[in-house]
Amino acid sequence: MNITKHAFERMRERGFTVEMLGRVLHRKEIRRWPSKRDGLSRIVAEVDGLYWTLIVTDDLSTLVTVRRAHEDEVQDAKED
């Protein structure tokens, strides 16, 4: 997976490591939701007890940004 400069900077600021990204991407099933921007999807996942939202291209080839998940995203992920 390619990581944009913006995503790398957000990862560093927020303490989201490449190892954590690997744990998300190596799951058997990755649930995605549409993003507000065309061609992008949101992945909401729990890593080390915290929920994160990853914005990725629809083909999962590029990580655009990463942030802590909003409460409604956490609820959606827990319902899955």
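**Entry 1: Terms and model**

I take contact to mean heavy atoms within 4.5 Å. I note that the structure examined here is a predicted model.

**Entry 2: Contacts of Val24**

I looked up which residues Val24 touches, leaving aside those up to four places away in sequence. I found Phe16, Ile30, Ile43, Ala45, Val47 and Leu54.

**Entry 3: The nonpolar cores**

I then turned to the largest nonpolar core, which has 14 residues. Val24 is among those with the most contacts inside this core, together with Phe16, Trp52, Leu54, Leu63 and Val66. I asked which helices and strands each supply at least two residues of this core. They are the helices α1 (5-14) and α2 (18-25) and the strands β3 (40-47), β4 (50-57) and β5 (62-68). I also recorded a second, separate core of six residues, including Trp33, Tyr51, Val74 and Ala77. As background, I noted that nonpolar side chains tend to be buried together in soluble globular proteins.

**Entry 4: The sheet**

I traced an open sheet of five strands, in the order β1-β5-β4-β3-β2, with mixed pairing. Because β1 (2-3) and β2 (32-34) each have a single partner strand, they stand at the edges, and one side of each is left without a neighbour in the sheet. In general, strands of a sheet pair through backbone hydrogen bonds, either parallel or antiparallel.

I went through several pairs in turn. β2 and β3 run antiparallel and are joined by three bridges; here Arg32 stands opposite Ile43 in β3. β3 and β4 also pair in the antiparallel sense, over eight bridges, and Leu40 has Thr57 in β4 as its bridge partner. β4 and β5 are antiparallel with five bridges, and Ile55 stands opposite Thr65 in β5.

I examined two hairpins as well. Two residues lie between β3 and β4, and Asp48 in that turn has a positive phi of about 55 degrees. Four residues lie between β4 and β5, and Leu60 in that turn has a positive phi of about 60 degrees.

Is β4 largely enclosed or left open by the rest of the structure? I found that seven of its eight residues are buried, so β4 is largely enclosed.

**Entry 5: Salt bridges**

How many salt bridges does the model contain? The count comes to five.

I looked at Glu13 and Arg10, whose side chains meet in a salt bridge at 2.8 Å, N to O. Both residues lie in helix α1, three residues apart, about one turn of the helix. Glu13 is exposed, with a relative accessible area of 54%, whereas Arg10 is buried at 15%. I noted further that Glu9, Arg10 and Glu13 are linked in a network of salt bridges.

I then looked at Arg42 and Glu73, whose side chains also meet in a salt bridge, at 2.8 Å, N to O. This pair links distant parts of the chain, since Arg42 is in strand β3 and Glu73 is in helix α3 (residues 71-79), 31 residues apart. Both Arg42 and Glu73 are buried, and Glu73 has a relative accessible area of 4%. Glu73 forms a salt bridge with Arg67 too, with the closest N and O atoms 2.9 Å apart.

**Entry 6: A surface patch**

Last, I looked up a nonpolar patch on the surface, formed by Met1, Ile3, Phe8 and Val18. Together these residues have about 340 Å² of accessible area. Phe8 is found in helix α1. Phe8 counts as partly exposed because its relative accessibility is 44%, and partly exposed covers values between 20% and 50%.

Methods
Residues are numbered from 1 along each chain as its sequence is written. This is a predicted model: local features need pLDDT of at least 70, side-chain atom pairs count only at pLDDT 80 or more; totals for chains, interfaces and linings use all residues. Side-chain values use heavy atoms; hydrogens and water are left out. A nonpolar core is a set of buried Ala, Val, Leu, Ile, Met, Phe, Trp, Tyr and Cys residues joined through side-chain atoms within 4.5 Å. Buried means under 20% relative accessible area, exposed over 50%, partly exposed in between (1.4 Å probe, protein chains only). A salt bridge is a side-chain nitrogen of Lys or Arg within 4 Å of a carboxyl oxygen of Asp or Glu. Patches are made of residues with over 30% relative accessible area and no salt bridge: like charges are joined within 9 Å, nonpolar side chains (Val, Leu, Ile, Met, Phe, Trp, Tyr) within 5 Å. Accessible areas come from the Shrake-Rupley method with a 1.4 Å probe; for residues, only the protein chains shown count as cover. Two strands pair if DSSP finds at least two bridges between them.
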